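Here are some notes to read alongside the structure. Please keep the sequence and the 3D view open while going through the points.

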Amino acid sequence: AFLERIKQVEPKVKAFLTLCEEEALNQAEQLDRALAYGEEMGPLAGVPVALKDNLCLSGFPTTCASKILANFYPPYDATVVRRLKEAGAIIVGKTNLDEFAMGSSTENSAFHPTANPWDLSRVPGGSSGGSAAAVAAGEVPVALGSDTGGSIRQPAAFCGVVGLKPTYGRVSRYGLVAFASSLDQIGPITRCVEDCALVLQVIAGHDPRDATSIPGEVPDYRSSLISDLKGMKVGIPREYLGEGIAPEVRAVVEEVAAKLADLGAQVDYTSLPHTKYALPAYYLVAPAEASSNLARYDGVRYGLRVPAKEAKDSMALTRKEGFGPEVKRRIMLGTYALSAGYYEAYYLKALKVRTLIKRDFDEAFAHFDCLLTPTTPTPAFRMGEKLADPLTMYFSDICTLAVNLAGLPAISVPAGKVGHLPVGVQFIAPPLKEDKLFRVAYALE
Ligand code: GLN
(Lines give C-alpha, C1' and ligand atoms only; values in the text may rest on other atoms or scores of the structure.)
Protein backbone atom coordinates (compact mmCIF):
# COMPACT_ATOMS: atom_id res chain seq x y z
CA ALA A 1 0.00 0.00 0.00
CA PHE A 2 2.83 2.40 0.83
CA LEU A 3 4.62 1.60 -2.42
CA GLU A 4 1.37 2.33 -4.28
CA ARG A 5 1.08 5.63 -2.47
CA ILE A 6 4.69 6.45 -3.37
CA LYS A 7 3.95 5.81 -7.05
CA GLN A 8 0.90 8.03 -6.84
CA VAL A 9 2.37 11.11 -5.18
CA GLU A 10 6.11 10.91 -5.85
CA PRO A 11 5.96 12.60 -9.27
CA LYS A 12 4.72 15.74 -7.49
CA VAL A 13 6.47 15.56 -4.11
CA LYS A 14 9.85 14.11 -5.18
CA ALA A 15 10.84 13.17 -1.63
CA PHE A 16 13.05 10.22 -2.63
CA LEU A 17 16.42 9.86 -4.31
CA THR A 18 16.44 6.03 -4.29
CA LEU A 19 13.69 3.43 -3.86
CA CYS A 20 14.36 -0.13 -2.69
CA GLU A 21 11.09 -1.57 -3.95
CA GLU A 22 12.20 -5.11 -4.73
CA GLU A 23 14.15 -5.57 -1.51
CA ALA A 24 11.29 -4.08 0.52
CA LEU A 25 8.75 -6.48 -0.99
CA ASN A 26 11.09 -9.45 -0.45
CA GLN A 27 11.60 -8.49 3.15
CA ALA A 28 7.86 -8.09 3.68
CA GLU A 29 7.24 -11.57 2.26
CA GLN A 30 9.90 -13.04 4.53
CA LEU A 31 8.29 -11.40 7.54
CA ASP A 32 4.89 -12.72 6.47
CA ARG A 33 6.26 -16.24 6.35
CA ALA A 34 7.98 -15.86 9.70
CA LEU A 35 4.70 -14.61 11.16
CA ALA A 36 2.85 -17.63 9.73
CA TYR A 37 5.38 -19.89 11.47
CA GLY A 38 4.67 -18.12 14.73
CA GLU A 39 8.12 -16.52 15.02
CA GLU A 40 8.52 -13.66 17.41
CA MET A 41 8.27 -10.26 15.74
CA GLY A 42 10.39 -7.18 16.49
CA PRO A 43 8.82 -3.95 17.72
CA LEU A 44 8.78 -2.41 14.21
CA ALA A 45 7.96 -5.60 12.26
CA GLY A 46 6.74 -4.69 8.79
CA VAL A 47 6.90 -0.92 9.31
CA PRO A 48 8.14 0.88 6.19
CA VAL A 49 10.91 3.37 6.96
CA ALA A 50 12.67 5.93 4.75
CA LEU A 51 16.25 7.06 5.41
CA LYS A 52 17.76 10.44 4.75
CA ASP A 53 20.39 9.89 2.08
CA ASN A 54 23.30 10.71 4.38
CA LEU A 55 22.74 7.44 6.28
CA CYS A 56 24.59 4.37 5.06
CA LEU A 57 22.48 1.48 3.79
CA SER A 58 24.56 -1.37 2.49
CA GLY A 59 24.03 -2.16 -1.19
CA PHE A 60 22.49 1.19 -2.13
CA PRO A 61 24.03 4.54 -2.99
CA THR A 62 24.55 7.11 -0.23
CA THR A 63 24.79 10.40 -2.10
CA CYS A 64 24.23 13.15 0.51
CA ALA A 65 22.48 14.76 -2.49
CA SER A 66 25.93 15.64 -3.80
CA LYS A 67 27.51 14.98 -7.17
CA ILE A 68 30.74 14.17 -5.39
CA LEU A 69 29.13 11.03 -3.88
CA ALA A 70 26.82 10.19 -6.78
CA ASN A 71 28.29 6.70 -7.26
CA PHE A 72 29.30 5.90 -3.67
CA TYR A 73 27.97 2.55 -2.37
CA PRO A 74 28.76 2.10 1.33
CA PRO A 75 29.77 -1.48 2.18
CA TYR A 76 28.03 -1.40 5.58
CA ASP A 77 24.86 -0.31 7.41
CA ALA A 78 24.76 2.65 9.80
CA THR A 79 24.12 1.52 13.38
CA VAL A 80 20.61 3.04 13.27
CA VAL A 81 19.89 1.09 10.09
CA ARG A 82 21.13 -2.15 11.63
CA ARG A 83 18.90 -1.55 14.66
CA LEU A 84 15.87 -0.76 12.51
CA LYS A 85 16.39 -3.93 10.48
CA GLU A 86 16.79 -6.03 13.64
CA ALA A 87 13.49 -4.56 14.91
CA GLY A 88 11.77 -5.77 11.71
CA ALA A 89 11.46 -2.41 9.94
CA ILE A 90 11.47 -2.43 6.15
CA ILE A 91 13.69 0.15 4.47
CA VAL A 92 11.84 1.47 1.41
CA GLY A 93 14.21 4.16 0.19
CA LYS A 94 16.59 7.06 0.66
CA THR A 95 15.25 10.58 0.85
CA ASN A 96 16.35 13.91 -0.59
CA LEU A 97 18.26 16.52 1.42
CA ASP A 98 20.26 19.70 1.07
CA GLU A 99 23.73 18.72 -0.14
CA PHE A 100 25.62 17.30 2.87
CA ALA A 101 22.71 18.51 5.04
CA MET A 102 23.70 22.14 4.51
CA GLY A 103 20.54 24.15 4.07
CA SER A 104 17.00 24.76 5.24
CA SER A 105 14.84 24.07 2.19
CA THR A 106 16.14 20.95 0.37
CA GLU A 107 16.73 23.26 -2.61
CA ASN A 108 20.49 22.70 -2.22
CA SER A 109 20.14 19.09 -3.43
CA ALA A 110 22.34 18.49 -6.49
CA PHE A 111 19.56 16.36 -8.00
CA HIS A 112 16.16 18.08 -7.61
CA PRO A 113 14.16 20.02 -5.04
CA THR A 114 11.39 18.39 -2.97
CA ALA A 115 7.95 19.98 -2.66
CA ASN A 116 5.97 20.59 0.51
CA PRO A 117 2.96 18.22 0.32
CA TRP A 118 0.68 20.92 1.83
CA ASP A 119 1.50 23.37 -0.95
CA LEU A 120 3.61 22.19 -3.87
CA SER A 121 4.90 25.70 -4.56
CA ARG A 122 6.56 25.81 -1.14
CA VAL A 123 9.65 24.16 0.34
CA PRO A 124 9.39 21.24 2.78
CA GLY A 125 12.17 22.77 4.89
CA GLY A 126 15.56 21.20 5.29
CA SER A 127 17.88 19.71 5.32
CA SER A 128 15.80 16.55 6.04
CA GLY A 129 13.08 17.86 3.69
CA GLY A 130 12.72 14.57 1.79
CA SER A 131 12.13 12.62 5.01
CA ALA A 132 9.57 15.12 6.35
CA ALA A 133 7.74 15.39 3.01
CA ALA A 134 7.63 11.58 2.64
CA VAL A 135 5.95 11.21 6.05
CA ALA A 136 3.59 14.16 5.48
CA ALA A 137 2.51 12.81 2.08
CA GLY A 138 1.75 9.37 3.53
CA GLU A 139 4.56 7.70 1.54
CA VAL A 140 6.00 6.19 4.74
CA PRO A 141 4.84 6.30 8.36
CA VAL A 142 8.39 6.77 9.64
CA ALA A 143 11.58 8.37 8.34
CA LEU A 144 14.94 9.15 9.84
CA GLY A 145 16.61 12.52 9.49
CA SER A 146 19.72 14.18 10.87
CA ASP A 147 19.80 17.43 12.80
CA THR A 148 22.89 19.63 13.04
CA GLY A 149 21.12 22.94 13.54
CA GLY A 150 17.45 22.16 13.11
CA SER A 151 17.34 19.87 10.10
CA ILE A 152 14.84 17.43 11.65
CA ARG A 153 12.67 19.91 13.56
CA GLN A 154 12.36 22.69 10.98
CA PRO A 155 11.18 20.42 8.11
CA ALA A 156 8.89 18.56 10.55
CA ALA A 157 7.29 21.91 11.44
CA PHE A 158 6.94 22.97 7.78
CA CYS A 159 5.35 19.62 6.87
CA GLY A 160 3.03 19.24 9.88
CA VAL A 161 4.69 16.12 11.33
CA VAL A 162 6.59 15.20 14.51
CA GLY A 163 10.41 15.48 14.52
CA LEU A 164 12.82 14.71 17.35
CA LYS A 165 16.46 15.70 17.76
CA PRO A 166 17.73 13.45 20.58
CA THR A 167 20.38 14.39 23.16
CA TYR A 168 23.87 14.50 21.62
CA GLY A 169 25.21 10.95 22.06
CA ARG A 170 21.82 9.28 22.64
CA VAL A 171 21.80 7.84 19.10
CA SER A 172 24.93 6.45 17.43
CA ARG A 173 26.29 8.50 14.52
CA TYR A 174 28.18 5.52 13.10
CA GLY A 175 27.30 5.41 9.39
CA LEU A 176 25.95 8.97 9.27
CA VAL A 177 28.04 11.00 6.84
CA ALA A 178 29.52 13.71 9.07
CA PHE A 179 28.64 17.38 8.60
CA ALA A 180 29.59 18.97 11.96
CA SER A 181 30.50 16.11 14.25
CA SER A 182 29.95 17.93 17.57
CA LEU A 183 26.40 18.95 16.54
CA ASP A 184 25.06 16.09 14.34
CA GLN A 185 22.42 13.79 15.73
CA ILE A 186 20.05 11.30 14.04
CA GLY A 187 16.36 11.25 14.94
CA PRO A 188 12.88 10.10 13.91
CA ILE A 189 10.27 11.96 11.84
CA THR A 190 6.80 10.48 12.37
CA ARG A 191 3.07 11.24 12.20
CA CYS A 192 2.50 11.13 15.96
CA VAL A 193 4.38 11.29 19.25
CA GLU A 194 3.84 7.63 20.12
CA ASP A 195 5.48 6.50 16.86
CA CYS A 196 8.35 8.86 17.60
CA ALA A 197 8.88 7.27 21.03
CA LEU A 198 8.73 3.75 19.55
CA VAL A 199 11.34 4.55 16.94
CA LEU A 200 13.69 6.30 19.39
CA GLN A 201 13.42 3.22 21.62
CA VAL A 202 14.79 1.12 18.77
CA ILE A 203 17.58 3.42 17.54
CA ALA A 204 18.85 4.81 20.88
CA GLY A 205 21.57 3.30 23.04
CA HIS A 206 25.28 2.87 23.41
CA ASP A 207 27.39 1.94 20.41
CA PRO A 208 31.11 1.20 20.81
CA ARG A 209 31.59 2.35 17.19
CA ASP A 210 30.77 5.96 18.09
CA ALA A 211 33.16 7.44 20.66
CA THR A 212 30.59 10.12 21.62
CA SER A 213 27.82 7.58 22.22
CA ILE A 214 26.41 7.67 25.78
CA PRO A 215 26.72 4.43 27.76
CA GLY A 216 23.93 3.07 29.96
CA GLU A 217 20.37 1.84 29.66
CA VAL A 218 17.71 3.50 27.51
CA PRO A 219 14.54 4.22 29.54
CA ASP A 220 11.14 2.87 28.47
CA TYR A 221 9.80 5.89 26.61
CA ARG A 222 6.26 4.55 26.26
CA SER A 223 5.70 4.85 30.00
CA SER A 224 5.86 8.65 29.66
CA LEU A 225 2.93 8.72 27.22
CA ILE A 226 0.29 9.92 29.66
CA SER A 227 -2.25 12.67 29.03
CA ASP A 228 -1.64 14.66 32.18
CA LEU A 229 0.88 17.37 32.93
CA LYS A 230 0.32 17.81 36.65
CA GLY A 231 3.47 19.00 38.39
CA MET A 232 5.24 19.84 35.16
CA LYS A 233 6.90 23.26 34.85
CA VAL A 234 7.20 24.71 31.36
CA GLY A 235 9.22 27.86 30.62
CA ILE A 236 8.82 30.14 27.62
CA PRO A 237 12.07 32.01 26.85
CA ARG A 238 11.09 35.56 25.87
CA GLU A 239 13.96 35.81 23.36
CA TYR A 240 12.16 33.27 21.16
CA LEU A 241 9.06 35.41 20.71
CA GLY A 242 10.75 38.65 19.72
CA GLU A 243 11.89 40.23 16.50
CA GLY A 244 11.62 38.18 13.31
CA ILE A 245 8.97 35.79 14.64
CA ALA A 246 5.71 36.08 12.65
CA PRO A 247 2.80 37.27 14.85
CA GLU A 248 0.69 34.27 13.71
CA VAL A 249 3.43 31.91 14.92
CA ARG A 250 3.65 33.72 18.24
CA ALA A 251 -0.14 33.33 18.58
CA VAL A 252 0.18 29.55 18.11
CA VAL A 253 2.80 29.39 20.89
CA GLU A 254 0.52 31.35 23.19
CA GLU A 255 -2.42 29.02 22.43
CA VAL A 256 -0.20 26.04 23.24
CA ALA A 257 0.85 27.66 26.51
CA ALA A 258 -2.83 28.03 27.48
CA LYS A 259 -3.53 24.38 26.59
CA LEU A 260 -0.58 23.20 28.68
CA ALA A 261 -1.92 25.13 31.65
CA ASP A 262 -5.36 23.49 31.11
CA LEU A 263 -3.63 20.10 31.21
CA GLY A 264 -2.15 20.90 34.62
CA ALA A 265 1.27 22.32 33.76
CA GLN A 266 2.66 25.44 35.36
CA VAL A 267 3.69 27.80 32.56
CA ASP A 268 5.89 30.85 33.06
CA TYR A 269 8.10 33.18 31.04
CA THR A 270 11.87 32.89 31.38
CA SER A 271 15.01 34.19 29.68
CA LEU A 272 17.97 32.77 27.75
CA PRO A 273 20.02 35.95 27.44
CA HIS A 274 22.67 34.72 24.97
CA THR A 275 20.14 33.51 22.40
CA LYS A 276 21.06 36.20 19.87
CA TYR A 277 24.61 34.85 19.62
CA ALA A 278 23.52 31.31 18.68
CA LEU A 279 23.30 31.98 14.95
CA PRO A 280 26.76 33.58 14.55
CA ALA A 281 28.35 30.96 16.84
CA TYR A 282 26.70 28.14 14.89
CA TYR A 283 27.85 29.55 11.54
CA LEU A 284 31.44 29.46 12.76
CA VAL A 285 31.44 26.09 14.56
CA ALA A 286 29.45 24.17 11.92
CA PRO A 287 31.42 25.32 8.85
CA ALA A 288 34.73 24.88 10.75
CA GLU A 289 33.91 21.24 11.46
CA ALA A 290 32.43 20.76 7.98
CA SER A 291 35.57 22.07 6.27
CA SER A 292 37.57 19.45 8.13
CA ASN A 293 35.06 16.60 7.59
CA LEU A 294 34.75 17.33 3.87
CA ALA A 295 38.52 17.21 3.30
CA ARG A 296 38.17 13.47 2.68
CA TYR A 297 36.44 14.03 -0.70
CA ASP A 298 39.63 14.21 -2.67
CA GLY A 299 38.72 12.18 -5.74
CA VAL A 300 40.70 9.21 -4.42
CA ARG A 301 38.79 7.67 -1.56
CA TYR A 302 35.10 8.15 -2.46
CA GLY A 303 32.78 8.75 -5.36
CA LEU A 304 33.57 11.22 -8.12
CA ARG A 305 37.03 11.56 -9.65
CA VAL A 306 37.78 14.07 -12.39
CA PRO A 307 40.99 12.89 -14.06
CA ALA A 308 43.99 15.19 -14.67
CA LYS A 309 47.70 14.73 -15.33
CA GLU A 310 48.75 15.84 -11.86
CA ALA A 311 47.12 14.35 -8.75
CA LYS A 312 46.67 17.77 -7.16
CA ASP A 313 44.85 19.07 -10.26
CA SER A 314 42.57 16.04 -10.19
CA MET A 315 41.77 16.81 -6.57
CA ALA A 316 41.01 20.46 -7.29
CA LEU A 317 38.86 19.65 -10.33
CA THR A 318 36.96 16.93 -8.47
CA ARG A 319 36.08 19.32 -5.66
CA LYS A 320 35.25 22.11 -8.08
CA GLU A 321 32.82 19.97 -10.06
CA GLY A 322 31.60 17.77 -7.24
CA PHE A 323 30.55 20.32 -4.59
CA GLY A 324 27.65 22.74 -5.00
CA PRO A 325 27.79 26.47 -4.14
CA GLU A 326 26.52 26.24 -0.53
CA VAL A 327 29.00 23.48 0.35
CA LYS A 328 31.83 25.54 -1.13
CA ARG A 329 30.69 28.57 0.85
CA ARG A 330 30.79 26.53 4.09
CA ILE A 331 34.25 25.12 3.31
CA MET A 332 35.58 28.63 2.70
CA LEU A 333 33.97 30.03 5.85
CA GLY A 334 35.28 27.11 7.89
CA THR A 335 38.86 27.12 6.65
CA TYR A 336 38.96 30.90 7.11
CA ALA A 337 37.72 30.67 10.72
CA LEU A 338 40.29 27.96 11.48
CA SER A 339 43.27 29.61 9.84
CA ALA A 340 46.24 30.99 11.78
CA GLY A 341 45.60 34.54 12.90
CA TYR A 342 41.81 34.21 12.76
CA TYR A 343 41.36 31.07 14.87
CA GLU A 344 41.32 32.94 18.21
CA ALA A 345 39.12 35.77 16.97
CA TYR A 346 36.48 33.56 15.34
CA TYR A 347 36.52 29.86 16.13
CA LEU A 348 37.70 30.11 19.74
CA LYS A 349 35.32 32.99 20.43
CA ALA A 350 32.45 30.91 19.02
CA LEU A 351 33.36 28.05 21.37
CA LYS A 352 33.21 30.44 24.33
CA VAL A 353 29.80 31.69 23.22
CA ARG A 354 28.72 28.06 22.94
CA THR A 355 29.54 27.59 26.62
CA LEU A 356 27.53 30.68 27.57
CA ILE A 357 24.54 29.38 25.60
CA LYS A 358 24.80 26.02 27.35
CA ARG A 359 24.87 27.81 30.74
CA ASP A 360 21.71 29.77 29.91
CA PHE A 361 19.92 26.46 29.43
CA ASP A 362 21.40 24.98 32.63
CA GLU A 363 20.05 27.94 34.58
CA ALA A 364 16.61 27.71 32.99
CA PHE A 365 16.43 23.98 33.73
CA ALA A 366 17.05 24.68 37.40
CA HIS A 367 13.48 26.06 37.37
CA PHE A 368 11.71 24.28 34.50
CA ASP A 369 11.23 20.69 33.27
CA CYS A 370 11.17 21.84 29.69
CA LEU A 371 11.00 24.94 27.50
CA LEU A 372 8.44 25.90 24.85
CA THR A 373 9.38 27.92 21.73
CA PRO A 374 8.28 28.24 18.12
CA THR A 375 10.12 25.74 15.87
CA THR A 376 10.43 28.24 13.03
CA PRO A 377 9.89 31.99 12.69
CA THR A 378 7.39 31.53 9.83
CA PRO A 379 5.51 28.69 8.12
CA ALA A 380 6.97 27.10 4.94
CA PHE A 381 8.27 29.70 2.50
CA ARG A 382 8.03 29.64 -1.29
CA MET A 383 10.54 27.79 -3.46
CA GLY A 384 13.25 30.14 -4.66
CA GLU A 385 12.28 32.83 -2.14
CA LYS A 386 15.46 32.65 -0.07
CA LEU A 387 17.90 31.17 -2.57
CA ALA A 388 19.60 34.42 -3.51
CA ASP A 389 20.43 35.44 0.05
CA PRO A 390 22.11 32.81 2.25
CA LEU A 391 21.63 34.93 5.38
CA THR A 392 17.82 34.97 5.15
CA MET A 393 17.99 31.19 4.61
CA TYR A 394 20.21 30.78 7.71
CA PHE A 395 17.70 32.83 9.70
CA SER A 396 14.98 30.19 9.26
CA ASP A 397 16.88 28.07 11.82
CA ILE A 398 16.99 30.81 14.41
CA CYS A 399 14.84 28.84 16.91
CA THR A 400 16.58 25.49 16.54
CA LEU A 401 20.35 26.16 16.42
CA ALA A 402 21.02 26.81 20.12
CA VAL A 403 19.74 23.34 21.03
CA ASN A 404 22.50 21.69 18.98
CA LEU A 405 25.19 23.97 20.40
CA ALA A 406 24.07 22.86 23.88
CA GLY A 407 23.65 19.17 22.95
CA LEU A 408 20.04 19.07 24.20
CA PRO A 409 17.05 17.00 23.12
CA ALA A 410 14.17 18.86 21.41
CA ILE A 411 10.97 17.88 19.64
CA SER A 412 8.83 19.73 17.11
CA VAL A 413 5.12 18.91 17.09
CA PRO A 414 2.33 20.25 14.87
CA ALA A 415 0.41 22.86 16.88
CA GLY A 416 -1.74 24.89 14.53
CA LYS A 417 -2.05 26.42 11.10
CA VAL A 418 -1.62 29.72 9.36
CA GLY A 419 -4.03 29.51 6.43
CA HIS A 420 -3.36 26.13 4.81
CA LEU A 421 0.16 25.82 6.21
CA PRO A 422 1.11 23.88 9.35
CA VAL A 423 2.94 25.54 12.26
CA GLY A 424 5.06 23.63 14.77
CA VAL A 425 6.15 24.32 18.31
CA GLN A 426 9.36 23.09 19.88
CA PHE A 427 9.91 21.65 23.34
CA ILE A 428 13.46 21.54 24.72
CA ALA A 429 14.52 19.38 27.71
CA PRO A 430 17.69 18.80 29.76
CA PRO A 431 20.16 16.16 28.48
CA LEU A 432 18.67 12.63 28.30
CA LYS A 433 15.20 13.84 29.31
CA GLU A 434 13.52 12.79 26.07
CA ASP A 435 10.82 11.26 28.27
CA LYS A 436 9.75 14.77 29.33
CA LEU A 437 9.47 15.82 25.70
CA PHE A 438 7.30 12.82 24.91
CA ARG A 439 5.10 13.47 27.93
CA VAL A 440 4.38 17.10 27.15
CA ALA A 441 4.06 16.52 23.38
CA TYR A 442 1.78 13.51 23.84
CA ALA A 443 -0.52 15.37 26.23
CA LEU A 444 -0.81 18.20 23.72
CA GLU A 445 -1.87 15.82 20.92
N1 GLN B 1 20.12 24.77 8.14
C2 GLN B 1 21.25 24.60 8.98
C3 GLN B 1 22.50 24.60 8.13
O4 GLN B 1 22.38 24.83 6.99
C5 GLN B 1 21.12 23.32 9.74
C6 GLN B 1 21.40 22.13 8.93
C7 GLN B 1 21.24 20.83 9.67
O8 GLN B 1 20.70 20.77 10.76
N9 GLN B 1 21.77 19.79 9.06
O10 GLN B 1 23.58 24.39 8.59
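The points below take up the sheet, the helices on it, one strand, one loop residue and the ligand.

1. This is a predicted model, and every point here should be read with that in mind. Residue numbers count from 1 along each chain as its sequence is written.

2. Start with the sheet. Eleven strands form an open sheet with mixed pairing. Their order is β1-β3-β2-β4-β6-β5-β10-β11-β9-β7-β8. The edges are β1 (16–19) and β8 (266–270), each of which pairs on one side only. From one strand to the next the twist averages 30°.

3. Which way do strands β4 and β6 run with respect to each other? They run antiparallel, and six bridges join β4 (residues 142–147) to β6 (residues 185–190). To find the pair in the view, look for Ala143, which stands opposite Ile189 in β6.

4. Two helices can be placed against these strands. Helix α4 (residues 129–136) packs on the sheet and touches β1, β2 (48–52), β3 (90–95), β4, β5 (162–165) and β6. The direction of α4 makes about 155° with that of β4. Helix α6 (residues 193–203) lies across β4, β5, β6 and β10 (410–418), and α6 runs at about 145° to β6.

5. Is strand β9 largely enclosed or open? Five of the five residues of β9 (residues 370–374) are buried, so the strand is largely enclosed by the rest of the structure. A residue counts as buried if 20 or more other C-beta atoms lie within 10 Å of its own.

6. The partners of β9 pair with it in opposite senses. With β7 (residues 233–237) the pairing is parallel, over two bridges, and Val234 stands opposite Cys370 in β9. With β11 (residues 421–428) the pairing is antiparallel, over four bridges, and Leu372 stands opposite Phe427 in β11.

7. Arg382 sits in the loop between β9 and α12 (390–395). Arg382 has 12 other C-beta atoms within 10 Å, so it is exposed; the cut-off for exposed is 12 or fewer. Leu120 is 262 residues from Arg382 in sequence, yet the two are 9.0 Å apart in space, C-alpha to C-alpha. Leaving aside residues up to four places away in sequence, Arg382 touches Ser121 and Arg122.

8. What surrounds the ligand? There are 13 residues around it, and the closest are Ala101, Ser104, Thr148, Gly149 and Ser151. By type, this shell divides into four nonpolar, seven polar and two charged residues.

Conventions: This is a predicted model: local features need pLDDT of at least 70, side-chain atom pairs count only at pLDDT 80 or more; totals for chains, interfaces and linings use all residues. A residue is near a molecule or strand if its C-beta atom, placed from the backbone, lies within 6 Å of it. Ala, Val, Leu, Ile, Met, Phe, Trp, Tyr, Cys and Pro count as nonpolar, Asp, Glu, Lys and Arg as charged, and the others, Gly among them, as polar. Two strands pair if DSSP finds at least two bridges between them. Axes are lines fitted to C-alpha atoms, for helices over the stretch in contact, and angles run from 0 to 180 degrees between N-to-C directions. Two residues are in contact if their C-beta atoms, placed from the backbone, lie within 7 Å.
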